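Reader: I should be grateful for a close look at a single residue in this chain, together with its surroundings. Please set it in the context of the whole fold.

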Amino acid sequence: MTRDAAGPSTSDDRHDDLLTVLPRLTQLSAAFNKGRLTERAAEAAGLALDRPAMGVLVTLRTADQPLRIGEIADRMQVVGPHVTRQVQALEKRGLVRRVADPHDRRASLIEPTGAGLEAANRYVTSLLGWFAEALADWPRQDREDLTRLLIRLADDVTARLARLDEED
């Protein structure tokens, strides 16, 4: 019996395509965590930093400009005090520094030092190398589609979650 013959589709029927994706998202998340991908990349880059510290460093590296603590927190989707602790630890290691905000003398911006930028680049190179190997047999168009769709998914999910947070 087809759905048309059975009557109107239920809400479950409308989400059948997503139902096949959900376990794969869970599988990827588990694989990344169980496989210790971020930790392995840090080790390969010669860094003894935990995931949150690497997150701050990579966020600064990809920003290509100094950021306020709040901006780092927003990009990482965490709270400011969490970032403050990480920045303090990274400062002690000489990987980031505070600079004056040219638009507000009361505020400071965070930027990577030369050593911090080198560390972030080694880490990113390690991660990208791992993904490049995992996708090595994929046709170029599939890799481009994956990139485009992951960007779209991340942006749409983030925006939807932000709207939910605003409603609370």
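Author: In this predicted model, V124 has a relative accessibility of 16% and therefore counts as buried, since the limit for that class is under 20%. The residue belongs to helix α8, which covers residues 114-134. Leaving aside residues up to four places away in sequence, V124 touches V58 and R61.

A second buried position may be set beside this one. Q86 lies in helix α7, which spans residues 80-92. Its relative accessibility is 13%, and Q86 is therefore also classed as buried under the 20% limit. With residues up to four places away in sequence again left out, the contacts of Q86 are D50, P52, A53 and V56.

The two strands of the chain deserve attention next. Strand β1 comprises residues 96-101 and strand β2 residues 104-112; the two run antiparallel and are joined by six bridges. The connection from β1 to β2 is a hairpin of two residues. Within this pair, V96 stands opposite P112 of β2. V96 also offers a reference point for V124: the two residues are 28 positions apart along the chain, and their C-alpha atoms are separated by 17 Å.

These parts belong to a chain with nine helices and two strands. Read from the N terminus, the order of elements is α-α-α-α-α-α-α-β-β-α-α.

As to overall dimensions, the radius of gyration of the chain is 21 Å, whereas a compact globule of 168 residues would have a value near 15 Å. Along the principal axes, the C-alpha atoms fill a box of roughly 70 × 45 × 30 Å. Buried residues account for 23% of the 168 residues, and V124 is one of the residues in that class. Among contacts between residues at least 6 apart in sequence, 48% join residues at least 24 apart.

The surface and the charges complete the description. The accessible surface of the chain amounts to about 12100 Å², and carbon and sulfur atoms contribute 55% of that area. There are 24 positive and 27 negative side chains, and the centres of these two sets lie 6 Å apart.

To return to the residue under examination, V124 is a buried position in helix α8, with V58 and R61 as its contacts beyond four places in sequence.

Notes
Residues are numbered from 1 along each chain as its sequence is written. This is a predicted model: local features need pLDDT of at least 70, side-chain atom pairs count only at pLDDT 80 or more; totals for chains, interfaces and linings use all residues. Side-chain values use heavy atoms; hydrogens and water are left out. Helices (H or I, at least four residues) and strands (E, at least two) are DSSP runs, numbered from the N terminus. Buried means under 20% relative accessible area, exposed over 50%, partly exposed in between (1.4 Å probe, protein chains only). Contact means heavy atoms within 4.5 Å. Two strands pair if DSSP finds at least two bridges between them. The radius of gyration is taken over C-alpha atoms; the globule rule is 2.2 Å times the number of residues to the power 0.38. Accessible areas come from the Shrake-Rupley method with a 1.4 Å probe; for residues, only the protein chains shown count as cover. Lys and Arg count as positive and Asp and Glu as negative; His and the chain ends are not counted. The place of a charge is taken as NZ of Lys, CZ of Arg, CG of Asp or CD of Glu.
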